[in-house]
Amino acid sequence: MAGINESLTFYPLGVAVLTISDTRNEETDTSGALLVERLTGAGHNLRDRAIVRDDVDAIQAVLQRWIANPEIEIILTTGGTGFSPRDNTPEAVKPLLRREMDGFAIAFQQKSLQTVGVAAMQSRAFAGQAGDCFIFCVPGSTGACRDAWDGLLELEFDSRHKPCSIAGALPRLRDVCS
């Protein structure tokens, strides 16, 4: 993998996956399953996984519990980032953020342009920092989750990736934020 320095120590992250959907359940949640497969396959630790309806209060309740859990460093959400009346992920998550990671939205949309064309403009994918963890919100399709992981999140979460990664920066960020 480009940019990976195999001689450095790999730091596995504690990750939680939240699927936001009014229709999916454990059997039909292919997007959440893909993210879990990718993150555990990369050596990270799945700390929790949930499916919640697309409701601001319901989303925030789960996220606030996870943000308060020191074992969860990364939260991945899938779903609720479009423009239908029930797509509430940005409205639920952004008030919890202390900082946004604008570069993730840009990188995700650039990558999505290659797979879904101009439909990428309809995505409201975003990321940011809440408490001591980072939240990455991607669309609910399995393809969008694949686009987000492959070549973006997989590198961002790998402490061996240079010149920098979230995983490599977390210890420094915690010292500053504590």
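At what angle do the axes of helix α4 (residues 102–116) and α5 cross, and within what distance do they come? The exercises below treat this and related points. The model is predicted: local features need pLDDT of at least 70 and side-chain atom pairs count only at pLDDT 80 or more, while totals for chains, interfaces and linings use all residues. Residues are numbered from 1 along each chain as its sequence is written, and side-chain values use heavy atoms, with hydrogens and water left out.

**Exercise 1. Describe the packing of α4 on α5.**

Step 1. The two axes come within 10 Å and cross at roughly 115°. Axes here are lines fitted to C-alpha atoms, for helices over the stretch in contact, and angles run from 0 to 180 degrees between N-to-C directions. Helices (H or I, at least four residues) and strands (E, at least two) are DSSP runs, numbered from the N terminus.

Step 2. The crossing of α4 and α5 is right-handed; that term applies if the near helix is turned clockwise from the far one by less than a right angle, and left-handed if anticlockwise.

Step 3. On the α4 side the contact (heavy atoms within 4.5 Å) includes F104, F108 and K111, and on the α5 side it includes A144, R146 and L153. By class, this contact has 7 nonpolar, 3 polar and 4 charged residues. Ala, Val, Leu, Ile, Met, Phe, Trp, Tyr, Cys and Pro count as nonpolar, Asp, Glu, Lys and Arg as charged, and the others, Gly among them, as polar.

**Exercise 2. Characterise the packing of α1 on α5.**

Step 1. Helix α1 (residues 30–41) and helix α5 (residues 142–156) pack at about 25°, with axes 8 Å apart. This makes α1 roughly parallel to α5, a label for angles under 35 degrees.

Step 2. The crossing of α1 and α5 is right-handed. Among the residues in contact are L34, L35 and R38 of α1 and C145, R146 and W149 of α5.

Step 3. The residues of this contact divide into 5 nonpolar, 3 polar and 3 charged.

**Exercise 3. Establish the strand order of the sheet and identify its edges.**

Step 1. The open sheet has 6 strands in the order β2-β1-β3-β6-β5-β4, with mixed pairing. Two strands pair if DSSP finds at least two bridges between them.

Step 2. β2 (45–52) and β4 each have a single partner strand, so one side of each is left without a neighbour in the sheet.

Step 3. β1 and β2 run parallel and are joined by 7 bridges; L18 has A50 in β2 as its bridge partner.

Step 4. α5 lies across β3 and β6, running at about 155° to β6.

**Exercise 4. Determine the environment of strand β5 (residues 126–130).**

Step 1. Because 5 of its 5 residues are buried, β5 is largely enclosed by the rest of the structure. Buried means under 20% relative accessible area, exposed over 50%, and partly exposed in between (1.4 Å probe, protein chains only).

Step 2. F126, G128 and A130 point one way, and A127 and Q129 the other.

Step 3. β5 pairs in the antiparallel sense with strand β4 (residues 99–100) over 2 bridges and with strand β6 (residues 133–138) over 5 bridges. G128 is the bridge partner of E100, and A127 stands opposite F136.

Step 4. The hairpin of β5 and β6 has 2 residues between the strands, and G131 takes a positive phi near 60° there.

**Exercise 5. Classify N88 as buried or exposed.**

Step 1. N88 lies in the loop between β3 (74–78) and α3 (89–93).

Step 2. N88 counts as buried because its relative accessibility is 16%.

Step 3. Leaving aside neighbours within four places in sequence, N88 is in contact with D54, V56, I59 and G80.

Technical notes: Angles under 35 degrees count as roughly parallel, over 145 as roughly antiparallel, 65 to 115 as roughly perpendicular and the rest as oblique.
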